[in-house]
Amino acid sequence: MPRRSWVLWAAAVLISAAPTLYFWIASLLTGGETVESFFSTVSFGFSCPGWEIYERVYIPAYPVIDFLLLAANGAPLVVLGFAGWWLGVRRGRARLGRIIGRCVAVVLLVLALPEFLLPTLDAALGPGCAQMWGPPEVFSSQVGWGLYDALPPLLVLLAVRVPRRVFVRRGPIARTAAAALAVAAVVLFPAASAASGRVSTDSELDCAGFGDGTVKGLTTGERHFLCAVRGYGLPSDPSYDSGVEGWDEASDAAVLAQGRHLCALAERHGGDIGARVVQEAPEASLAMKLAVLCPAVANRQQAEEERRQAESDAYVAEKEKVCAALPRHRPEIRPVRQRRATMWTEFWTIDGWEDGYEGNPPDLVRDLVGSGRGTLAIWAADEAGHACVTVESYTRRPPVETRGWEEVVEVGYESPAGALELVDGDGRRLTGLTTRGPGSYRVRVHLRGRELVYQVPDPPDGAVRILIEVFPGRAKKTVVYK
């Protein structure tokens, strides 16, 4: 077994696995970010044989490309081929080993050669076909990666080749392959400088929805997709204000072509843009904007949103059921109103306010309750969570209760309109807290469960219970009962 063959086999394995290892390490270091690139599909009134061959033969072969042996640019297949070659040589059947190695090389070449030969063919036919494969810089990257992917099978062929001492004239196949590589190198330069197609502006696409767009022949989904990719913004979805980096100068035809190609990949996986074949596609950077163009993706995302909403509703219903099952507070005097609710927060407190006084929460006293003119804030969770809340409104001061409560604090509150209401993070409201219209009130807050919440990462449902008593009173002083 010549040492030269061992080195070539090792080089083939390393070159095959290197990109996958690089992107895996990069994703670990960057928290999952990946390199995004560009690709295309569909034609626009002209024939591009390179892309047509690619679309009809190569794209349908994606399920085969996803096969485990072809992962990591075929590194597992190279390792398997090396094992077959080594066993053949070891057992005196070197010819069989060479056949195994050449079969591996042929499989990898069939996958790698179209990646640079077909774009090169289209580039030689003119700028229109070259643009189907992406902007100049991405076209060059596509061809470069195709050439890179062709290196491992070439090394495998060299590894299994029997050394010869005399010069042998290469056959027509070898000469043709060399000529094709030379042509590929020559046409890369004009392809890189090819003129770009039409790039429509915000107003031409009517991204604002005023009905004054001038671009013809595009569906609403296609216009919205171009708006989204370029970050022009859509009135129906503010998230589209940020476009996809690197696509500003890509033509309308190219952007739509690449979007349709990605849509075709997603459709094969039920509209899932998280599918491996979609995430590893060169044009994966378009995935987050794809729903407006691709019904399968939109339907998948709608179904996923409905599923998450159903889970959220079930979660909230479970917490509300626990709060509703707790014993009602039995006041010593009869309140005008008693209301109970499960209230949620993502920022520690539930807030109360009257019209015109929103958005200015007061400082808390004893980290429990704070008040100002027309505004109120009550601690309810350790940053995010829920509390079982009971609110009682009185026309006169109720007796003080401290038994069974961990904290009891009373503050003054000045009502400018007599319409104080509590609002939680989900928009749920408890209204009618003040009983005598505008004027001075006292707000007494009782709390139970704060210590448990701080001590346990996942406290039981209903751990935090709050009783809020609101009644008329002119006193301004804060009173801490417990």
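How do strand β2 and strand β4 pair, and over how many bridges? In this predicted model, β2 (residues 349–353) and β4 (residues 375–379) run in the antiparallel sense, and five bridges hold the pairing.

## The five-stranded sheet

Let's stay with that pair for a moment. If you want a residue to look for, pick Gly352: its bridge partner in β4 is Leu376.

Zooming out, β2 and β4 belong to an open sheet of five strands, ordered β3-β4-β2-β7-β8, with antiparallel pairing. The edges are taken by β3 (369–372) and β8 (429–430), each of which pairs on one side only.

## The six-stranded sheet

There is also an open sheet of six strands, and here the pairing is mixed. Reading across, the order goes β1-β5-β10-β9-β6-β11. The edge positions belong to β1 (337–345) and β11 (479–480); each has a single partner strand, so one side of each has no neighbour in the sheet.

At the β11 end, strand β6 (residues 407–415) is the antiparallel partner, with two bridges between them. One spot to check is Val409, whose bridge partner in β11 is Val480. Towards β1, a helix comes into play: α13 (residues 295–325) packs on the sheet and touches both β1 and β5 (385–393). The direction of α13 makes about 145 degrees with that of β1.

## Charge pairs along helix α13

The salt bridge count for the model comes to 16. Helix α13 is a good place to start, with Arg308. The side chain of Arg308 meets that of Glu304 in a salt bridge at 3.5 Å, N to O, and it also meets the side chain of Glu305, this time at 3.0 Å, N to O. Both pairings stay within the helix: Glu304 is four residues from Arg308, and Glu305 is three residues from Arg308. Either way, that's about one turn of the helix.

How accessible are these side chains? Arg308 has a relative accessible area of 40%, so it ranks as partly exposed. Glu305, at 37%, is partly exposed, and Glu304 counts as partly exposed too, at 27%.

## A link between distant parts of the chain

Another salt bridge joins the side chains of Glu414 and Lys476, at 2.9 Å from N to O. This pair ties together distant parts of the chain, 62 residues apart: Glu414 sits in strand β6, and Lys476 in the loop between β10 (465–472) and β11. Their exposure classes are worth noting. Glu414 has 24% relative accessibility and so counts as partly exposed, whereas Lys476 reaches 58% and counts as exposed.

Back among the charged residues that include Arg308, the bridges share partners: Glu304, Glu305, Arg307, Arg308 and Glu311 are joined into one network.

## A nonpolar patch on the surface

Finally, take a look at helix α1 (residues 3–29), where you'll find Trp24. Is Trp24 buried or exposed? Its relative accessibility is 53%, and the bar for exposed is over 50%, so Trp24 counts as exposed.

Trp24 isn't alone out there: together with Leu21 and Ile25, Trp24 forms a nonpolar patch on the surface. The accessible area of the three together is about 330 Å².

Notes:
Residues numbered from 1 in each chain as written. Predicted model: local features only at pLDDT ≥ 70, side-chain atom pairs only at ≥ 80, totals over all residues. Heavy atoms only, no water. Patch = residues over 30% accessible without salt bridge, like charges linked within 9 Å, V, L, I, M, F, W, Y side chains within 5 Å. Areas by Shrake-Rupley, 256 points an atom, 1.4 Å probe, with all protein chains shown as cover. Salt bridge = Lys/Arg side-chain N within 4 Å of Asp/Glu carboxyl O. Buried < 20%, exposed > 50% of the residue type's maximum accessible area, 1.4 Å probe, protein only. Pairing = 2+ DSSP bridges. Contact = heavy atoms within 4.5 Å. Axes fitted to C-alpha atoms, helices over the stretch in contact; angles between N-to-C directions.
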